[in-house]
Amino acid sequence: MMAEGVKKMTKRYVGKNIFKVDAREKVTGNAIYTEDIYFDNMLYLKIKRATHPHAYLRRIDISKAQKLPGVVKIITAADIPKVKNFGLIIKDQPVLIGIGQKMRYMGDALAIVIAESKEAASQAIGLIEVEVEKLEAISDPLRAIEKDAPLIHQDGNILDTYYLKKGDIKKGFAQADLIVENEYRTSFLDQVPLQVEAGVGIFDQETEIIKLWVATQWLHDTQADIAQSLGLPKEKIRIIQPVIGGAFGKKEDISVHIYLALAAMETKRPVKLTYTREESMIAQSKRHPFIIRMKTGVTRKGYLTACQVEVIVDTGAYASSGPAVVHKGLYHCTGPYNVGNVKGVAHIVYTNNTYCGAMRGFGATQMAFAYESQMDIITHRLRIDPVQFRLQNAYSIGSSTPNSQILTLGVGVKETIKLAADIAGWKE
Amino acid sequence: MKHKIRFTINGEVKEIEVQPNKTLLKMLREDLDLIGVKEGCGAGECGACTVLVNNKPVNSCLMLAVEVDGKEILTIEGLSDGINLDPLQESFLKHNAIQCGYCTPGMVMSAKALLNRNSHPKEEDVKEALAGNLCRCTGYKRIVDAVLDAVKKGGGK
């Protein structure tokens with residue numbers, strides 16, 4: 001029965017040129033992205049952001065901004081005492097920073113300005129006066145883990161530590177004829193989806209449902225997170241997914257959502273918020289920079305015997321999907337190569353940088369820079385062919401990963417290496 | 001003070017009053033509802049807002065609306081009659097040169113400008129013409145293939 005179904009499906013789709021369902025709208029300019037949604041009587045929001053990456057908010061004065069023609073309302077933390085923190089895995093991110101509370105990166109929000117026009121909202125932001133008590137801003141995770149570093153979050157700057165163990169690392173290095181040890185560093189990277197964070201919100205007074213048109217990658221998780229933050233049942237939050245406009249991990253996190261919900265409830269009018277590209281860069285997630293110390297053991301004949309790795313990951317001011325990204329990175333420390341003896345530790349560290357989250361590869365890409373560099377250095381030192389070396393160590397069906405998962409399906413690494421070498425003209 | 005300007009947009013003569021500091025992008029999107037013109041960066045980096053002004057591709061976020069007085073503008077909306085697509089659009093569909101689609105209108109307009117000035121472009125010409133248009137889904141190969149195929153089918157005539 002099932003085989004027949006698969007066969008039928010194969011005939012219908014596989015190997016055929018299938019048009020994307022919304023391609024025609026996209027190629028004619030008719031597709032509706034969030035930024036294209038407009039309602040009559042709509043108000044525009046703008047967010048007043050932190051003025052220092054690590055500081056206590058001591059005073060916020062919105063009186064001048066409030067008097068500006070076109071400004072309808074300015075929401076600060078004092079107006080929303082019951083609103084709770086949000087976050088994908090750990091609820092550590094505040095919606096608005098209140099008096100006496102701490103801003104932890106330049107993207108933290110201090111106030112939501114609601115105005116009749118984008119221009120008035122933008123102008124009002126500049127009229128909000130803020131006084132802060134500055135703390136040491138930590139931009140380096142190695143500084144963050146020092147004993148005398150100020151604490152960014154109450155429970156310490158090391159958010160979590162993960163361990164990895166397989167085989168016997170001592171035995172692995174004893175079997176090695178060559179041991180190569182190096183430190184690698186990767187950098188922050190922005191996903192830069194072409195459509196920035198944008199959204200429109202409406203509060204339906206009859207049903208008390210908040211409708212949000214915002215592109216998101218986790219529709220139901222986002223709905224649940226907004227609901228818990230606002231203290232509302234999930235069914236009171238309705239998210240309508242417009243055409244997304246690229247995401248690549250960046251739209252997994254909450255961005256404009258809660259601001260829109262608060263402003264819609266407050267004003268009972270349609271509200272719109274679109275980040276500038278600069279704001280998107282400052283306020284929303286990045287790819288995690290990794291510091292990777294990797295020690296690899298190999299025999300004279302070019303067989304890997306041991307891999308020991310220590311990773312320090314800068315997750316920025318908030319956790320976002322950091323814990324999952326770092327876990328995954330650690331599990332990929334040997335890449336697609338068989339290593340019998342593995343030991344690893346990864347620390348995920350808070351700093352005052354923009355928080356990091358998901359981006360294509362989810363931690364695996366950072367690690368690739370380290371293990372593939374190690375592979376090249378080893379082949380150079382042993383004077384052996386880098387393609388042959390990779391092939392003889394590569395995974396096949398039955399191989400076991402650093403977290404001891406046995407691979408039973410879909411292992412295409414050897415074919416991939418061979419094909420890549422052919423296309424690159426390696427033998428010539 | 002608003003300025004009265006007169007121009008041709010997608011074949012139709014229009015006369016409107018605009019603020020002197022309004023960009024062409026904002027006028028097209030906000031005053032003329034041409035939402036196929038996309039804003040990606042607002043700083044001339046990404047090309048998503050590309051339209052043709054007197055047949056030349058421009059970043060509409062970098063041009064003031066008052067500058068199009070007396071000129072002819074073509075946007076993605078004017079490329080087809082809504083039923084029959086331009087050969088370039090057909091080719092983008094056929095080659096699945098569209099992922100998130102946000103760069104697509106700008107890409108198509110930059111390609112259109114190329115075909116207007118060169119009916120038989122080579123692959124290198126296509127790449128050069130699209131150099132100012134960013135695609136973040138990394139679909140460049142299919143986009144270049146789509147433009148070259150449109151040329152082969154006579155789209156560049």
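Two strands count as paired when DSSP finds at least two bridges between them. In this predicted model, strand β1 of chain B (residues 3-9) clears that bar with its neighbour β2(B): seven bridges join the two, and the strands run antiparallel. To pick out one of the links, B:His3 has B:Val18 of β2(B) as its bridge partner.

That pair belongs to a bigger arrangement. Chain B has an open sheet of five strands, and reading across it gives the order β2-β1-β5-β3-β4, with mixed pairing. At the edges sit β2 (12-18) and β4 (56-59) of chain B, each of which pairs on one side only. Going from one strand to the next, the sheet twists by 40 degrees on average. A helix also lies against this sheet: α3(B) packs on it and touches both β3 (50-53) and β4 of chain B. The direction of α3(B) makes about 35 degrees with that of β3(B).

Zooming out, chain B is assigned two domains, with domain 1 covering residues 3-78 and domain 2 covering 87-152. Their centres, taken over C-alpha atoms, are 21 Å apart. Where the two domains of chain B meet, domain 1 puts in 15 residues and domain 2 puts in 13. On the domain 1 side of that contact, the elements giving two or more residues are β3 and β4 of chain B. Of these, β3(B) provides the largest share, three residues. Sorted by class, that same side of domain 1 of chain B holds eight nonpolar, five polar and two charged residues.

Chain A is also split into two domains, but here each one is made of two stretches of sequence: domain 1 takes 39-135 and 192-283, while domain 2 takes 142-189 and 286-423. The centres of these chain A domains, again over C-alpha atoms, are separated by 37 Å. Contact between them involves 17 residues of domain 1 of chain A and 19 residues of domain 2 of chain A. What kinds of residue does domain 1 of chain A bring to the side that touches domain 2? There are eight nonpolar ones, along with five polar and four charged.

Further along chain A comes a pair of helices, α12 (residues 386-393) and α13 (residues 413-423), whose axes come within 9 Å and cross at roughly 170 degrees. Angles over 145 degrees count as roughly antiparallel, so that is how α12(A) and α13(A) are described relative to each other. The crossing of this helix pair is left-handed. On the α12(A) side, the contact is made by A:Val387, A:Arg390 and A:Leu391, and these meet A:Lys414, A:Ile417 and A:Ala421 of α13(A). By class, that contact has four nonpolar and two charged residues, and no polar ones.

Finally, there is the place where the two chains touch. Chain B gives 27 residues to this contact and chain A gives 24. On the chain B side, helices α2 (87-94) and α3 (104-117) each supply at least two residues. Helix α3(B) therefore turns up twice in this account, since it packs on the sheet and also contributes to the side of chain B that touches chain A. As for residue classes, that side of chain B divides into 16 nonpolar, eight polar and three charged residues.

Notes:
Residues are numbered from 1 along each chain as its sequence is written. Chains are lettered from A and ligands numbered from 1 in the order in which they are written. This is a predicted model: local features need pLDDT of at least 70, side-chain atom pairs count only at pLDDT 80 or more; totals for chains, interfaces and linings use all residues. Two residues are in contact if their C-beta atoms, placed from the backbone, lie within 7 Å. Helices (H or I, at least four residues) and strands (E, at least two) are DSSP runs, numbered from the N terminus. Ala, Val, Leu, Ile, Met, Phe, Trp, Tyr, Cys and Pro count as nonpolar, Asp, Glu, Lys and Arg as charged, and the others, Gly among them, as polar. Axes are lines fitted to C-alpha atoms, for helices over the stretch in contact, and angles run from 0 to 180 degrees between N-to-C directions. Angles under 35 degrees count as roughly parallel, over 145 as roughly antiparallel, 65 to 115 as roughly perpendicular and the rest as oblique. A crossing is left-handed if the near helix is turned anticlockwise from the far one by less than a right angle, and right-handed if clockwise. Domain bounds come from an automatic or database domain assignment.
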